[in-house]
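Me: I am new to this structure and would like a close look at one part of it, followed by a connected account of how that part sits in the whole.

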Amino acid sequence: MKKFAIEIKWALISLLLFLAWMTLEKVLGYHDVNIKWQPIFNLLFIFPLFILYLLALLEKKKKYYHDQMNWKQGMISAVIISFIIVFFSPITQFITHEFISPNYFDKLIAYSVESKKLT
């Protein structure tokens, strides 16, 4: 477990960042009046997530591998972070849709019908 402490730490940070991002989307109106722009705004989440992975791999390289990490070790570390994120993803989705933006799906359905994208 101690072997993967850095990956667990950065996965939890990224999950908290996701919840903060969803809160930002809600505050900026992307779950309400600007719902048509939400998919595009959501794509911007790639940039902070990329920075988080970069910081995680740099920390793993420095603290665990003592500045001697190869490509394979970095890839394994990134995959472990991804699996931890995927494992806890249902919890963050639940928090998002129950507490941060409980009416999101109703508003998305209304927008889809109103814009004639779906019936």
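Is His66 buried or exposed? Please start from that residue and then work outwards.

Reply: His66 is exposed, with a relative accessible area of 59%, and this value, like the others below, is computed from a predicted model. The residue belongs to the loop between H3 and helix H4, the latter covering residues 71–100. Its backbone deserves a careful look as well, since the phi angle of His66 is near 55 degrees, a positive value in a residue other than glycine. Most residues other than glycine have a negative phi. Lys116 also has a positive phi, of about 60 degrees, although it is not a glycine. Lys116 is found in the segment after helix H5, which runs over 104–114, and with a relative accessible area of 72% it is exposed.

To place the loop of His66 in its setting, it helps to turn to the whole chain. The protein chain has five helices and zero strands, so that, read from the N terminus, its elements follow the order α-α-α-α-α. The C-alpha trace spans about 55 × 25 × 25 Å along its principal axes, and the radius of gyration of the chain is 18 Å, where a compact globule of 119 residues would have a value near 14 Å. Of these 119 residues, 31% count as buried.

Helix H3, on one side of the loop that holds His66, comprises residues 46–64 and includes Leu58. Leu58 is partly exposed, at 46% relative accessible area, and it joins Phe50, Ile51, Leu54 and Leu55 in a nonpolar patch on the surface, whose members have about 480 Å² of accessible area together. Further charged and aromatic contacts involve Lys60, whose charged end sits over the ring of Tyr64 at 4.0 Å from the ring centre.

The same helix, H3, also holds both Lys63 and Glu59, which are four residues apart, about one turn of the helix, and whose side chains meet in a salt bridge with an N to O distance of 3.7 Å. The two partners differ in their surroundings: Lys63 is exposed, with a relative accessible area of 57%, whereas Glu59 is buried, with 13%. Their contact is part of something wider, for salt bridges that share partners join Lys9, Glu59 and Lys63 into one network.

Across the whole structure, a search finds five salt bridges, and two of them can be followed from Asp32. With Lys26, the side chain of Asp32 meets in a salt bridge at 3.6 Å, N to O, and with Lys107 it forms another, in which the closest N and O atoms are 2.7 Å apart. Because Asp32 lies in the loop between H1 and H2 while Lys107 lies in helix H5, this second pair ties together parts that are 75 residues apart in sequence. All the residues in these two contacts are described by the word partly exposed: Asp32 has a relative accessible area of 27%, Lys26 has 27%, and Lys107 has 33%.

Aromatic rings provide a further set of contacts, with a count of eight aromatic pairs. In one of them, the rings of Trp21 and Phe41 have their centres 5.1 Å apart and their planes at 15 degrees, so the pair is stacked. Trp21 lies in helix H1, residues 5–27, and Phe41 in helix H2, residues 38–43, so this pair ties together parts that are 20 residues apart in sequence. Trp21 is buried, with a relative accessible area of 12%, and Phe41 is buried too, with 13%. Another pair, Phe87 with Phe88, also has its ring centres 5.1 Å apart, but here the planes stand at 90 degrees, so the pair is edge-to-face. Phe87 is exposed, with a relative accessible area of 63%, and Phe88 counts as partly exposed, at 30%. Returning to Trp21 and Phe41, ring pairs link them with Phe18, Tyr30 and Phe45 into a cluster.

Seen from His66, then, the picture is of an exposed residue in the loop between H3 and H4, with a positive phi, in a predicted model of a chain with five helices and zero strands.

How values were computed: Residues numbered from 1 in each chain as written. Predicted model: local features only at pLDDT ≥ 70, side-chain atom pairs only at ≥ 80, totals over all residues. Heavy atoms only, no water. Patch = residues over 30% accessible without salt bridge, like charges linked within 9 Å, V, L, I, M, F, W, Y side chains within 5 Å. Areas by Shrake-Rupley, 256 points an atom, 1.4 Å probe, with all protein chains shown as cover. Salt bridge = Lys/Arg side-chain N within 4 Å of Asp/Glu carboxyl O. Helix = DSSP H or I, 4+ residues; strand = E, 2+ residues; numbered from the N terminus. Buried < 20%, exposed > 50% of the residue type's maximum accessible area, 1.4 Å probe, protein only. Phe/Tyr/Trp six-rings, centres within 6.5 Å; stacked < 30°, edge-to-face > 60°. Lys NZ or Arg CZ within 6 Å of the ring centre and 35° of its normal. Rg over C-alpha atoms; globule rule 2.2 N^0.38 Å.
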